Amino acid sequence: MPVIDRMMDILTELERRVDGASITDLTATLRQPRSSVYRILNTLERHDMVRRDGAGTYVLGARLLSLASHAASGAGRIDLPDVAQPVLNRLAEVLGEGIKLTVVDAQGLLVIAAAQGRREYALNVRSGQRLPLHVGAAGKVLLAHLPEAERRKSLAGDLGTMPGGKRVKAADLDRDLERIRAEGWARDWGEHSASIHAIAVPVTDASGQVVAALSVPFLAGAGEARVAEIRAAALEAGTQLSARLKDA
């Protein structure tokens, strides 16, 4: 059906644009009539499939991200973002940092829930962000717990370079993943952005399967005492969220 095709074109374009897009942007890029784009966006917004900010920019909405989390995590009837949000909010209050909940799907990593930090210089986080699977703390947690065949496939291609130009080697990453499985947490040392580090921990469902990663990004330069504080709080929150999923 043409209207569904146009709707999917709009959602796909919003998925590509990390910072969202205006009606003008979408009309120009997709070469669709402005009136059609406007009507489709209004309908999607009513169903919380997209969200419009004060500047008129549209991003993917909470309901769409919730549906994506069900498909990606295998959470079934559980609304993972809804169950997770109170835990994310409490952790953001305790640490003052932004908190993210990330799942893996066919396209890589997808942030499905977030809580903003109040600490000075806390990093801004938001739902809908996408990253390559092997990049960052959350990605390494999820990659470490994929079935072996899927993990090997993910490590087989070109893994790109770090911000400083150093190439990512599969053998080095594989050793890091083994440590992550043993210790239960991962650290991002500026692998996506040199100024941003992060700690991530796994979140499991009732069967013990890792379905998401809870992560705390923070500015590089934090002292080891602060990093240890973040790690301990993240591990506790990951355990709490896993317990909530078990009881859901």
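Helices (H or I, at least four residues) and strands (E, at least two) are taken here as DSSP runs, numbered from the N terminus. The model is predicted, so that local features need pLDDT of at least 70 and side-chain atom pairs count only at pLDDT 80 or more, while totals for chains, interfaces and linings use all residues. Residues are numbered from 1 along each chain as its sequence is written, and side-chain values use heavy atoms, with hydrogens and water left out.

**Exercise 1. Place Q32 in the chain, and state whether Q32 is buried or exposed.**

Step 1. Q32 is found in the loop that runs between α2 and α3.

Step 2. The classes needed are buried (under 20% relative accessible area), exposed (over 50%) and partly exposed (in between), computed with a 1.4 Å probe and protein chains only. With a relative accessibility of 7%, Q32 counts as buried.

Step 3. Contact means heavy atoms within 4.5 Å. When residues up to four places away in sequence are not counted, Q32 touches R6, D9, I10, T27 and V37.

Step 4. Just after α2, R31 takes a positive phi of about 55 degrees.

**Exercise 2. Determine which residues of helix α2 are buried, and how they are arranged around the axis.**

Step 1. Helix α2 covers residues 23-30, and in this helix I23, L26 and T27 are buried.

Step 2. Seen down the axis of α2, the buried residues fall within an arc of 100 degrees (the arc being that of the directions from the helix axis to the C-beta atoms), so they line one face of the helix.

Step 3. The cover over the buried residues of α2 includes α1, α3 (34-46) and β2 (58-60).

**Exercise 3. Describe the nonpolar patch to which I4 belongs.**

Step 1. Patches are made of residues with over 30% relative accessible area and no salt bridge, like charges being joined within 9 Å and nonpolar side chains (Val, Leu, Ile, Met, Phe, Trp, Tyr) within 5 Å. Accessible areas come from the Shrake-Rupley method with a 1.4 Å probe, and for residues only the protein chains shown count as cover.

Step 2. M1, V3, I4 and M8 make a nonpolar surface patch of about 390 Å².

Step 3. I4 has its place in helix α1 (residues 2-16), and at 40% relative accessibility I4 counts as partly exposed.

**Exercise 4. Identify the largest nonpolar core and the elements that supply it.**

Step 1. A nonpolar core is a set of buried Ala, Val, Leu, Ile, Met, Phe, Trp, Tyr and Cys residues joined through side-chain atoms within 4.5 Å. As background, nonpolar side chains tend to be buried together in soluble globular proteins.

Step 2. The largest nonpolar core has 32 residues, and L101 and L214 are those with the most contacts inside it.

Step 3. At least two residues of this core are supplied by each of α5 (80-95), β3 (99-105), β4 (108-115), β7 (196-204), β8 (210-219) and α9 (224-247). The largest share of this core, 8 residues, comes from α5.

Step 4. Not counting residues up to four places away in sequence, L214 touches a set of residues including L88, L91, L101, V203 and A234. Apart from this core lies another, of 20 residues, with A137, A138, V141 and L155 among them.

**Exercise 5. Compare three salt bridges by position and burial.**

Step 1. A salt bridge is a side-chain nitrogen of Lys or Arg within 4 Å of a carboxyl oxygen of Asp or Glu, and a search of the whole structure finds 10 salt bridges.

Step 2. E191 and K140 form a salt bridge in which the closest N and O atoms are 2.8 Å apart. This pair links distant parts of the chain, with E191 in the loop between β6 (186-188) and β7 and K140 in helix α6 (residues 136-144), 51 residues apart. Both E191 and K140 are buried.

Step 3. R187 and E224 meet through their side chains in a salt bridge (3.4 Å, N to O). R187 lies in strand β6 and E224 in helix α9, 37 residues apart, and the pair links distant parts of the chain. R187 is buried, with a relative accessible area of 7%, whereas E224 is exposed, with a relative accessible area of 52%.

Step 4. R226 forms a salt bridge with E229, their closest N and O atoms being 2.9 Å apart. R226 and E229 both lie in helix α9, 3 residues apart, about one turn of the helix. R226 counts as buried at 13% relative accessibility, while E229 counts as partly exposed at 40%.
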